[in-house]
Structures are given as structure tokens and as C-alpha cells.
Amino acid sequence: MNSNDKAFLLRSLDLARSWEGFTGENPPVGAVLVKGNKVLSEAVHRGSGKPHAEREAIRKAISRFGASAVKGATLYVSLEPCSSWGRTPPCTEIIKNTCIKRVVFGSWDPNPKNRKGVLSLLKEGIKLDWPRGNLAKEFKRFYRPFDVFINQKRPFVIVKIAQTLNGFIVDKNGQAKWITSPKTRRLVHCRLRRRVSGLMTGIGTILADDPQLNVRGVGQKNVLLRIILDPELKTPIESQVLKNSNKMLPVLILVSEQVAEKRIRSFISSLKDKGGIVQILKMKEREQKLNLYDVLKEVGRRMNGMYLLVEAGPRLVSDLFRCQLVDRLVVCISKSIIGAGRTWLELEEVGLQNRLRLESRIMEDLGEDIWVEFDVCWDNKTH
């Protein structure tokens with residue numbers, strides 16, 4: 001691959017990033033069609049049932065320049081072209097039919113159903129190329145959420161924390177509002193809540209803070225399923241998360257299988273006009289807690305997407321870390337300190353010898369606060 005190849009391939013990644021979190025259960029994909037170093041068209045996949053990026057880029061180019069202009073062109077695409085039928089035809093077919101001579105893709109598709117895509121293109125004499133080294137790692141990292149969703153059969157879990165510089169999430173009086181600035185809180189909605197399909201918390205947070213758990217200040221594109229882990233069904237009927245529920249903001253309350261059906265029916269009937277929007281589901285327990293592996297699989301089946309955001313207290317966050325079910329960590333750090341309070345992670349069993357290494361994604365100074373993101377890689381423990 002030459003420098004032009006890398007530039008066009010990175011452009012396809014930029015296009016994919018612009019739609020990250022908005023494509024439902026499909027991966028975000030960008031495509032750039034080039035001939036003689038001239039860009040004929042660009043396209044991005046915009047969600048389930050919508051045209052794939054490769055097909056849309058080819059359609060645009062033919063519409064603007066005619067079919068002959070596409071012959072002999074090179075297609076740059078962020079993800080290996082699909083070869084299986086779904087709601088749309090396989091992209092490999094239109095690539096063959098339009099006589100594209102070369103395809104450069106950024107990442108192999110983690111979905112086993114699409115493994116034959118590259119082979120079918122090679123058989124037609126189409127040249128293929130893909131990056132190696134650090135560039136390959138960049139694409140693989142971008143598609144890690146899709147890999148987790150497809151191969152682990154669960155959502156990609158993002159844990160968001162707001163803390164003081166010395167690590168506290170509440171003060172000694174239990175006060176947590178507000179640790180970070182209005183600017184940082186707006187970014188949480190813009191960068192996280194509007195791009196995920198699920199938002200999960202525990203009953204402790206509901207009782208302590210009565211949060212809205214919605215998207216504010218930015219346009220909401222996704223249906224946001226709010227999940228409350230509430231083993232004993234203690235969620236107040238008058239809580240904000242129930243009062244503001246609607247078709248775009250449904251609620252799923254996960255309770256212990258020990259909760260009586262009569263109590264569940266009474267709870268639902270007291271919600272009156274929220275029938276179907278608020279649902280209660282019994283879950284099995286493990287060591288007197290809801291089984292988080294089962295929780296994530298069930299949530300994954302009910303969400304219309306692959307990204308799950310967790311905004312919760314130390315108990316739930318710590319349990320997710322113990323179960324190795326955290327994929328990304330976002331920490332909003334206030335440039336302030338308090339004398340005493342509670343920290344967000346309680347893992348007494350983890351010390352220097354078995355600490356977990358994190359891979360940096362973003363470190364940004366926001367003025368009053370610092371925004372940092374890490375990928376959590378469970379095979380990177382220090383032993």
C-alpha cells in the first residue's frame with residue numbers, strides 16, 4: 001500500500017466514525033471510490049435496511065459519471081465487503097458486476113458469515129489489499145464493538161464515571177451532583193448517550209439520585225432502552241425514569257426470580273398508561289446477585305444496537321469488572337479534590353501483581369475537567 005492508499009482508506013474510516021452508534025446491529029462502514037487518484041464518490045452505511053456503503057458509493061458514481069467511469073476503479077472500504085444476503089444484497093456482487101479492479105479494505109469482517117467475500121472477489125480477478133502493522137490495529141480497534149457483539153453475543157459495554165481528581169464519586173454526605181461541569185455533562189449526552197442503544201444502572205443509583213437517564217440537549221436518533229438492575233423491585237413508581245418513559249425511552253427492570261408475580265402485576269398496573277413501555281423481567285441469580293452474563297445477553301437481545309452505556313455506582317461497576325464484562329472506560333475527571341467520600345471501584349482482590357492494564361483512546365482537557373477514554377483488554381493483565 002502506498003501513501004495514497006492509506007489516505008483514502010483512512011478517509012473511509014472517518015466516514016464510518018461519523019455514524020458510529022447510529023447503525024443499529026450493523027457495523028458502521030465508510031467507502032470511497034477512486035479512479036486515477038480522483039474521488040468519484042463517498043458513502044457511509046446508515047443503519048439496518050439502508051444501502052451498504054460500497055453499494056451506495058458505486059450507485060453515486062454511476063449516477064454522476066456513468067457506468068464506464070467505474071470500470072477499473074479502486075474501492076476503499078473500512079470493513080471487508082459482505083458476501084451474504086440480509087436485508088440488502090451482498091456487496092461483493094455489485095463490485096464484480098461493475099468491473100471494479102481493486103478493493104482495499106481496512107478490517108476483516110469478524111462475522112463468520114462473510115468469510116467467503118474475499119475469496120469470491122479473488123476468483124473474479126479483483127485485486128485485494130489490506131493494511132498491516134499499526135494501521136491494521138487502528139481498524140481492528142474500531143471494529144472491536146462489532147466483534148464483541150457478533151462473537152460474544154452481548155453488547156459492547158462502556159462504563160462512564162465522573163470523579164474528582166483524587167478519585168471520589170460522592171462526598172462524605174453522599175452528594176454527587178454535580179462533580180463535573182455543564183460542558184462535560186453536555187458532552188456525555190453528545191458523545192455517549194445519543195450514540196448508544198442501552199443505558200444501564202442499578203437500583204442504588206435510582207434511589208440515591210433519581211436520574212432521568214435520557215438524552216438532553218442533542219437530537220436523539222436511537223431508541224434508548226433504560227435498564228435498571230433491581231433484584232427486589234424497589235424502583236419508585238414516581239421515579240423520573242418511569243415518568244419520562246415513552247416509545248423512544250422504554251424501561252426494562254430486571255428483578256430476581258424470587259419476586260412474586262402478583263407484585264409484578266401490581267407494579268405494572270400502577271403505571272397506568274405505560275403498558276408495554278415499561279417491562280419487568282425475572283433473572284436468575286448468581287451468588288445472591290443477578291447473573292451479569294445472563295443480564296447482558298438478555299439486554300443484547302432487546303436492544304436495537306450493540307453499544308451499552310453503564311452509569312452506576314461502585315457495586316455494579318465493580319461486579320462488571322470482576323466478571324470481565326467492561327470493554328471501554330470513560331472517566332470524566334473534575335480538576336478538584338474533596339477530603340473524603342466514596343470511590344467508584346472496589347476491587348480489593350486486585351493488587352499490583354494482577355492489575356489490569358488499559359489502552360488509551362482519548363485524553364482531552366475540557367477546561368474545568370479532563371475527559372479520558374480507555375479500552376479494557378482482559379488479556380493485558382500484569383502478572
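In this predicted model, the largest nonpolar core comprises 39 residues, and those with the most contacts inside it are L33, L75, Y76, I95, I100 and V103. Helix α1 supplies the largest share of this core, namely five residues. The surroundings of I100 can be listed in full: leaving aside residues up to four places away in sequence, I100 touches L33, I58, V70, G72, A73, L75, I95 and I126.

An open sheet of five strands, arranged in the order β2-β1-β3-β4-β5, shows mixed pairing. Its edge strands are β2, which spans residues 38–44, and β5, which spans residues 127–129, each of them pairing on one side only. From one strand to the next the twist averages 15°. Within this sheet, strand β1 (residues 30–35) pairs with β2 in the antiparallel sense over six bridges, and V32 stands opposite E42 in β2. Helix α1, formed by residues 3–18, lies across β1, β2, β3 (74–79) and β4 (102–107), and runs at about 150° to β1. In a regular strand, the side chains alternate between the two faces of the sheet.

A parallel pairing occurs further along the chain, where strand β10 (residues 251–256) and strand β11 (residues 278–283) are joined over six bridges, with L252 opposite Q279 in β11. Between these strands the chain passes from β10 through helix α11, made up of residues 261–270, to β11, and the resulting β-α-β crossover is right-handed.

Helix α7 covers residues 144–151, and its buried residues include P145, F146, V148, F149 and I150. The buried residues of α7 pack against α6 (133–142), β6 (156–163), β14 (307–310) and β15 (328–334), thus against both a helix and strands. Just after α7, K153 adopts a positive phi of about 55°.

Aromatic residues form eight pairs in the structure. In one of these, F105 and W130 are stacked, with 5.6 Å from centre to centre and 25° between the planes. This pair links distant parts of the chain, since F105 belongs to strand β4 whereas W130 lies in the loop between β5 and α6, 25 residues apart. The two partners can also be described by their accessibility: F105 counts as buried because its relative accessibility is 0%, while W130, at 25%, counts as partly exposed. Ring pairs further link F105 and W130 with W108 into a cluster.

Another aromatic pair is formed by F142 and Y143, whose ring centres lie 4.8 Å apart and whose planes stand at 80°, so that the pair is edge-to-face. Here F142 is buried, with a relative accessible area of 8%, and Y143 likewise counts as buried, at 3% relative accessibility.

A final residue to be considered is N291, which lies in the loop between β13 (289–290) and α12 (292–302). Although placed in a loop, N291 counts as buried because its relative accessibility is 12%, which falls under the 20% limit used for buried residues. When residues up to four places away in sequence are not counted, N291 touches K284, E285 and R286.

Methods
Residues numbered from 1 in each chain as written. Predicted model: local features only at pLDDT ≥ 70, side-chain atom pairs only at ≥ 80, totals over all residues. Heavy atoms only, no water. Pairing = 2+ DSSP bridges. Helix = DSSP H or I, 4+ residues; strand = E, 2+ residues; numbered from the N terminus. Axes fitted to C-alpha atoms, helices over the stretch in contact; angles between N-to-C directions. Contact = heavy atoms within 4.5 Å. Right-handed = clockwise from strand over helix to strand, strands pointing away. Core = buried A, V, L, I, M, F, W, Y, C linked by side-chain atoms within 4.5 Å. Buried < 20%, exposed > 50% of the residue type's maximum accessible area, 1.4 Å probe, protein only. Phe/Tyr/Trp six-rings, centres within 6.5 Å; stacked < 30°, edge-to-face > 60°.
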